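The following questions and answers concern the contact between the chains of a predicted model.

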2 protein chains.
Amino acid sequence: MIGRLNHVAIAVPDLDAAAALYRDTLGAKVGAPQDEPDHGVTVIFIELPNTKIELLHPLGEDSPINGFLAKNPSGGIHHICYEVDDIIAARDKLKASGARVLGTGEPKIGAHGKPVLFLHPKDFTGTLVELEQV
Amino acid sequence: MIGRLNHVAIAVPDLDAAAALYRDTLGAKVGAPQDEPDHGVTVIFIELPNTKIELLHPLGEDSPINGFLAKNPSGGIHHICYEVDDIIAARDKLKASGARVLGTGEPKIGAHGKPVLFLHPKDFTGTLVELEQV
């Protein structure tokens, strides 16, 4: 069911410092910041040859990243995103197997303009999993 | 400097259950367990079309994964591994920029039979980073 690893998301306390780290120290191709008000985050995508790293920084007081950064002040890996062909079919199969879908259970439009869903970390080895329909 | 994302490593409390989750529920291609006594882990690689997930489980009482699982009993993302062409050149550039290399600072042979090094999470946005020479 799952296809490519679309991205690994890393929550960071200082977006400029993290972008400089990946660009200057690690020599990667770092994009421009994009505000995603519907998700409460500002993101920067880092293009690797086979996948992307998504740097996440809180946008607004209700950002879902605030709690994570309170617990992990240096930042940390926040979620991984797998691609699926049909997000509704994937969701229904996962729910039938007992996995919990976060929020309303209906896909939202993600940072790439594609439908996304998040799955409960307790059902996926402690890992917050995003599914993105491509 | 960094190239492909070689793998994302997820520490898991129950290797069989995690393998079944990825194989049966998520429909991914799951390999056989491999003991890596030099690293204190048993690993299972999951082959995605563009990269790999490495499931990690402690092997032995001194496993470096024991502490992580004590703090994260459900499991969690443990590290990410970037490929580099020349691990000594990468290490020396990172050290010159002030980043800390874990352990002796000399590469060990990793789960793929290639030289690897680990970098200090505090210097990389709270993320444990492995470099693998390919």
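Q: How many residues does the contact take from chain B and from chain A?
A: In this predicted model, residues belong to the contact when heavy atoms lie within 4.5 Å. By that criterion chain A contributes 38 residues, and the number from chain B is 38.

Q: Which residues of chain B lose the most area to chain A?
A: Between chain B and chain A an area of about 3100 Å² is buried, with carbon and sulfur atoms giving 66% of it. On the side of chain B, 21% of what is buried comes from three residues together: Leu26(B), Asn50(B) and Thr125(B).

Q: How many residue pairs are in polar contact across the interface of chain B and chain A?
A: Salt bridges across this interface number zero by the rule applied. For polar contacts, with both residues at pLDDT 80 or more, the count of residue pairs is 19.

Q: What classes of residue make up the side of chain B that touches chain A?
A: At least two residues of this side come from each of β1 (5–11), α1 (15–25), β6 (76–84) and α3 (87–96) of chain B. By class, the side holds five charged, 13 polar and 20 nonpolar residues.

Q: What axis relates chain B to chain A?
A: A turn of 180° with a shift of 0.0 Å along the axis lays chain B on chain A, at an RMSD of 0.0 Å. This relation is therefore that of a two-fold axis.

Q: Which residue of chain B comes closest to the rotation axis?
A: The copies meet through the same surface, because 100% of the interface residues of chain B are also interface residues in chain A. Within chain B, the closest C-alpha to the rotation axis, at 3.0 Å, is that of Asn50(B).

Note on methods:
Residues are numbered from 1 along each chain as its sequence is written. Chains are lettered from A and ligands numbered from 1 in the order in which they are written. This is a predicted model: local features need pLDDT of at least 70, side-chain atom pairs count only at pLDDT 80 or more; totals for chains, interfaces and linings use all residues. Side-chain values use heavy atoms; hydrogens and water are left out. Buried area is the accessible area (1.4 Å probe) that two parts lose on being put together, summed over both. A salt bridge is a side-chain nitrogen of Lys or Arg within 4 Å of a carboxyl oxygen of Asp or Glu. A polar contact is a pair of N or O atoms within 3.5 Å; within protein, one must be able to donate a hydrogen and the other to accept it, and residues adjacent in sequence count only if both atoms are side-chain atoms. Helices (H or I, at least four residues) and strands (E, at least two) are DSSP runs, numbered from the N terminus. Ala, Val, Leu, Ile, Met, Phe, Trp, Tyr, Cys and Pro count as nonpolar, Asp, Glu, Lys and Arg as charged, and the others, Gly among them, as polar. Copies are superposed by least squares on the C-alpha atoms of residues with pLDDT of at least 70 in both.
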